[in-house]
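Subject: The structure to look through

Dear colleague,

I am handing over the structure that I have been reading, and I would be glad if you kept it open while you go through my notes.

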Amino acid sequence: MSANESSRREFLRVSAAATAALSFAGLARGQDKPAAKPAPASPLERRKFGKTDMNVGVLGFGGAEIGYEKTEQETVGKLLNSALDAGLNVVDTAECYIESETQIGAAIASRRKEYYLFTKCGHAEGVDWSKAGILSSVERSLKRLKTEVIDLVQLHSCSIDELKKGECIEALEQAKKDGKTRYIGYSGDSQAARYAVECGRFDTLQTSINICDQECIELTLPLAKEKNMGVIAKRPIANAVWRYDAAPENNYHLEYWKRLQELKYEFALGEARNKQGADGPAAIAMRFTSMQPGVHVLIVGTTKPERWQQNADLMRAGALPKELVESIRARWKQVSKSNWIGQT
C-alpha cells in the first residue's frame, strides 16, 4: 500500500484473476454410457508457515477490498463461507480496512476453528505506534473479529525509524505474552522490511512480491527463509495492471502500470493479456509469486463470491515452467531501476 493514508484509501478492487474452472472431458465407451463425472479438484497445496505451528494454504484471502469497496454483508458471508468450503484456511485483514474486521467476524466467527486469522495494527484512528495505541488496537480487533485470540497480529507498514524505537514491537510482544495473539509479524517493504527480518523479533513477514515488484526476492526473502520466518506475499498479482489501456487514475495501481510498460512481458501484452486459464496473466502472476523461495501464502482480495475458488483452480496448475520464471526474473534485472523499490 502507498506510504500515506490518503493513497491507502484509494485501494480498488483487485479483480483481474480470470474465471477459469478446470474442466474434464467425458469418456464415452458406448452409446448407452454417460460421460464420466468430472474428477474432483486436487487439494490446494499447504505449506509449513515458517517456525509457527500453522500449515497454510498457498492461497489466502485478503480483507482490504471488501472493506474499501463497502461490500454488502450478505455478499461477504457468501464469499467467505464458500471459500472456506473450498479449502481456504488463511484470512488476512487490518483494523484500518473500514469495516473489514467487523464483516469477517460477522460472517465466519462461527467457523473460527477452520481458518487462521491474521490482522494488522497501527492505523485505526490516524497513526499511533505507541505501546498503548497498539494494545488498544489489538483489543478492538479481538472484539470486531469475535475471537478470543488472533493467530497473527502484524505491525502495518510502520517506518524503519518506528521499528528502531522499539515501542511498537514491545507492544506486540506484550500482546503475545498476554495471549491476545499467538504470533507477531511485520507487514511492509524495502529497508523497513529488511530491518524487521534482521532484528529477529518477529515470527512473520508480509511483503509485496509480484512480477512488477521483485526487490524483496534478493533483499529480504533469503534472510527470512534463513531465519525460518513465515512469509506472506501481498499484492501477488500486481493489481492486475495489464487490464488498463491507459494509465489508471488510482495511485495504488499506477506505479505497477508504469513498470509494466517497460517490462513488456509477452504474457501481458496484446491479446495475450486477455487470456484466461492456467496460461493467462493472472495465473502466471500468482504462480510466479508462489514459487519464490521462502513464500508460504499469497493474499488475494476480491468482492466476488466465486473468485476465490476460481483463483484456487488457477493455482492448482502448479509451478510455472523454469524457463518462464527465469525470463521474468531476467527481464526485471535488465529493466528495473534503482527506485523500483517494494510498494507498500
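What follows is an account of what was found, beginning with the whole chain and then moving to single elements and residues.

Please keep in mind that this is a predicted model. The secondary structure of the protein comes to 14 helices and 10 strands, and of its 344 residues 55% count as buried. If you take the contacts between residues at least 6 apart in sequence, 78% of them join residues at least 24 apart. The protein exposes about 15000 Å², and carbon and sulfur atoms supply 48% of that area.

Next comes the interior. The largest nonpolar core has 84 residues, and those with the most contacts inside it are Leu155, Leu163, Tyr186, Phe202, Ile211, Trp242 and Tyr265. The largest share of this core comes from helix α12 (residues 281-290), which supplies six residues. There is also a second, separate core of 10 residues, which includes Val56, Val90, Tyr183 and Ile232. To see one of the well-connected residues of the largest core, you could select Leu163, which, leaving aside its neighbours within four places in sequence, is in contact with Leu155, Cys158, Cys168, Ile169, Tyr186, Ala192, Tyr195, Ala196 and Phe202.

Among the strands, β10 (residues 297-301) is mostly covered, with five of its five residues buried. Both of its faces are covered, since Val297, Ile299 and Gly301 on one side and Leu298 and Val300 on the other are all buried. Strand β3 (residues 59-62) runs parallel to β10 and is joined to it by four bridges, and Gly62 stands opposite Gly301 in β10. Strand β9 (residues 230-234) also runs parallel to β10, with two bridges between them, and here the bridge partner of Ile232 is Val297 in β10.

Strand β6 is mostly covered too, with seven of its seven residues buried. Four bridges join β5 to β6, and these strands run parallel; the bridge partner of Cys121 is Leu155 in β6.

Where is Asp151 found, and which side chain does it join through a polar contact of 2.9 Å? Asp151 is found in strand β6 (residues 150-156), and the polar contact of 2.9 Å joins its side chain to that of Arg112. The side chain of Asp151 also reaches the backbone nitrogen of Leu117 at 2.8 Å. Asp151 counts as buried because its relative accessibility is 6%, which is under the 20% limit for a buried residue. Not counting residues up to four places away in sequence, Asp151 touches Met54, Arg112, Tyr115, Tyr116, Leu117, Phe118, Thr181, Arg182 and Tyr183.

Two helices are worth following in turn, and helix α5 (residues 131-145) can be taken before the other. At 1.5 Å a residue its 15 residues should span 21 Å, and its end C-alpha atoms are 21 Å apart, so the two values agree. The buried residues of α5 are Gly133, Ile134, Ser137, Val138, Ser141, Leu142 and Leu145. An α-helix has 3.6 residues a turn, so residues three or four places apart point the same way, and you may like to look at the buried residues of α5 with that in mind. What covers them includes α4 (100-108), β5 (116-121), β6 and α7 (167-177). After α5 comes Lys146, whose phi is positive, near 55°.

For helix α11, the 13 residues should span 18 Å at 1.5 Å a residue, and the end C-alpha atoms are 19 Å apart, which agrees. Asn250 caps the N-terminal end of α11, where a side-chain oxygen lies 3.0 Å from the backbone nitrogen of Tyr252, and the helix is followed by Lys264, whose phi is positive, near 50°. In α11, Tyr252, His253, Leu254, Tyr256, Trp257, Arg259, Leu260 and Leu263 are buried, and what covers these buried residues includes β8 (204-208) and α14 (322-335).

Is Arg259 in α11 buried or exposed? Arg259 counts as buried because its relative accessibility is 0%. Leaving aside its neighbours within four places in sequence, Arg259 is in contact with Cys212, Asp213, Trp332, Asn339, Trp340, Ile341 and Gln343.

With best wishes

Note on methods: Residues numbered from 1 in each chain as written. Predicted model: local features only at pLDDT ≥ 70, side-chain atom pairs only at ≥ 80, totals over all residues. Heavy atoms only, no water. Buried < 20%, exposed > 50% of the residue type's maximum accessible area, 1.4 Å probe, protein only. Contact = heavy atoms within 4.5 Å. Areas by Shrake-Rupley, 256 points an atom, 1.4 Å probe, with all protein chains shown as cover. Polar contact = N/O pair within 3.5 Å; in protein donor to acceptor, adjacent residues only side chain to side chain. Core = buried A, V, L, I, M, F, W, Y, C linked by side-chain atoms within 4.5 Å. Pairing = 2+ DSSP bridges. Expected span 1.5 Å × (residues − 1).
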